[in-house]
Amino acid sequence: MSASSNPFGLKPAYHTSGLDRATPFTGTISTANNLYQYSAVALNGTGQLINAGADPTATNIYGVVDGFEFTDATGRRTVSKWFGAGVGTVTDSVAWVWTDPQLIYEIQADGPVNAASVGRQFNLVNPTAGELIGNGGLGQSTAGLDSTGPTAAGTQGQLIVTGLGREVNNEWGDAYTIVQVKVADSKLTAPVPSTAD
């Protein structure tokens, strides 16, 4: 319900092909900050998987995390919705990441978003936030869409609004509108700056 703030990151909604497959990332995964399911991620200068920040000029979005698998210190293969220093010493880590720039996601805004926002670009708010499993946490991102947008014409935004989210009791202009978006600032395609209407 979009009358309450309950952000859930970038949750895949659909792909026009009908396929929304995560692909394995087997490079180095940063433990500097926790990465959560439905977190937007980027690659740093050395190719390490990191959190995507709220500034599209700093890093392009590489994709969105689905989950992780790794071998823990006891030699047991483990799957997890989050990854960070708290998992301890691990080897053979894999991050499953949705990287297709055409994938449509749903995300909750931190305020109202109206129908005139379709086709406009916005940035993430609290992109590194999430909940660890336990104590009521689900291991998911709690990032949202920054409703103070859209970005100005000629300015790169991270996400482009494509429509209204399909949740029950979700309408344009609700207190915490849920919208459908795709990545506008993709590492895998040429980013397209916001245009004027």
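## Exercises on a predicted all-strand chain

Start with charge: the protein chain carries 9 positive and 16 negative side chains, with the centres of the two sets 7 Å apart (Lys and Arg count as positive, Asp and Glu as negative, His and the chain ends are left out; a charge sits at NZ of Lys, CZ of Arg, CG of Asp or CD of Glu). The model is predicted, so to speak with conditions: local features need pLDDT of at least 70, side-chain atom pairs 80 or more, while totals for chains, interfaces and linings use all residues. Residues are numbered from 1 along each chain as its sequence is written, and side-chain values use heavy atoms, without hydrogens and water.

**Exercise 1.** Work out the strand order of the open five-stranded sheet and find its edges.

*Solution.* Take strands as DSSP runs of E, at least two residues, numbered from the N terminus, and call two paired if DSSP finds at least two bridges between them. The order then reads β1-β10-β15-β14-β11, with antiparallel pairing. Next, the edges: β1 (11-14) and β11 (121-122) each pair on one side only. Now look inside: β14 (residues 159-164) and β15 (residues 178-183) pair over five bridges. There, Val161 stands opposite Val181 in β15.

**Exercise 2.** Place Gln37 and decide: buried or exposed?

*Solution.* First, Gln37 lies in the loop between β3 (35-36) and β4 (40-43). Its relative accessibility is 7%, so Gln37 counts as buried (under 20% with a 1.4 Å probe, protein chains only; exposed is over 50%, partly exposed in between). Finally, leaving out residues up to four places away in sequence, Gln37 touches Val65, Asp66, Lys81, Gly139, Gln140 and Ser141 (heavy atoms within 4.5 Å).

Conventions:
Helices (H or I, at least four residues) and strands (E, at least two) are DSSP runs, numbered from the N terminus.
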